[in-house]
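Good morning, and thank you for joining this short presentation. Please take a moment to look at the chain before I describe it.

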Amino acid sequence: MPDCLCRVPCAVQVILWGILMDDILEFFVCDACSNKDFNLVYNFCLRFHGVNFSDDLIYDKIVEERYQCSACKKTFTKKEVEEAMSKIRRKHKRH
Ligand SMILES: [Zn+2]
């Protein structure tokens, strides 16, 4: 809210505030149940693989984050959420 010298919100401030409040909020929603709340779920995984100069297996630790719908428990990968968000961005792009 812009600063104004008056103590009581003046008309200009109220109008400006009205414009600012007009923002569009669009949420990523679960495509199964339209819920917008998600919990973060982690998978911890070790991937073992051989290397040609050694008999030992080496491993990589993989931590995967998934987002789980708090209502129907469907999970989404980060990539799926990003893709859905960019679809929303494209929809609101002004031409
Ligand atoms: Zn859901």
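I should like to begin with helix α2, where the number of buried residues among its 15 is zero, so the helix lies largely in the open. This helix covers residues 78-92 and reaches 21 Å from its first C-alpha to its last, close to the 21 Å expected at 1.5 Å a residue.

Please bear in mind that we are looking at a predicted model. The mean pLDDT of the chain is 84, and 77% of its residues reach 70 or more. Among the elements of the chain, β3 has the highest mean pLDDT, at 95, whereas helix α1, residues 11-20, has the lowest, at 61. Where pLDDT is low, the predicted coordinates should not be read in detail.

Let me now turn to the overall arrangement. The chain has two helices and three strands, and from the N terminus on the order of the elements is α-β-β-β-α. Of its 95 residues, 4% count as buried. Among the contacts with a separation of 6 or more, 47% are made by residues 24 or more positions apart.

How are the strands ordered in the sheet? They form an open sheet in the order β1-β2-β3, with antiparallel pairing. At the edges stand β1 (38-51) and β3 (75-77); each has a single partner strand, so one side of each is left without a neighbour in the sheet. On average, neighbouring strands of this sheet are turned by 35 degrees against each other, direction ignored.

I shall take the two pairings in turn. Strand β2, residues 54-69, pairs with β1 in the antiparallel sense over 14 bridges. A hairpin of two residues joins β1 to β2. Val51 has Ser54 in β2 as its bridge partner, while the partner of Asn39 in β2 is Gln68.

Between β2 and β3, which also run antiparallel, there are three bridges. The hairpin of these strands has five residues between them, and here Lys73 takes a positive phi near 70 degrees.

Is β2 well covered or hardly covered? The strand is hardly covered, for the count of buried residues among its 16 is one. Helix α2, for its part, lies across β2 and β3 and runs at about 80 degrees to β3.

I would like to close with a single residue, Tyr67, which lies in strand β2. Tyr67 stands opposite Phe76 in β3. Which residues is Tyr67 in contact with, leaving aside its neighbours within four places in sequence? They are Phe38, Leu40, Thr75, Phe76 and Val81. Of these, Phe38 and Leu40 fall within the range 38-51 of β1, Thr75 and Phe76 fall within the range 75-77 of β3, and Val81 falls within the range 78-92 of helix α2. The C-alpha atoms of Tyr67 and Val81 are separated by 8.4 Å, and the two residues are 14 residues apart along the chain.

Finally, why does Tyr67 count as partly exposed? A residue is buried if 20 or more other C-beta atoms lie within 10 Å of its own. Tyr67 has 19 C-beta neighbours inside 10 Å, and therefore counts as partly exposed.

Thank you for your attention.

Note on methods
Residues are numbered from 1 along each chain as its sequence is written. This is a predicted model: local features need pLDDT of at least 70, side-chain atom pairs count only at pLDDT 80 or more; totals for chains, interfaces and linings use all residues. Helices (H or I, at least four residues) and strands (E, at least two) are DSSP runs, numbered from the N terminus. The expected span of a helix is 1.5 Å times one less than its number of residues. A residue is buried if 20 or more other C-beta atoms lie within 10 Å of its own, exposed if 12 or fewer, and partly exposed in between; C-beta atoms are placed from the backbone. Two strands pair if DSSP finds at least two bridges between them. Axes are lines fitted to C-alpha atoms, for helices over the stretch in contact, and angles run from 0 to 180 degrees between N-to-C directions. Two residues are in contact if their C-beta atoms, placed from the backbone, lie within 7 Å. pLDDT is the predictor's confidence in each residue, from 0 to 100.
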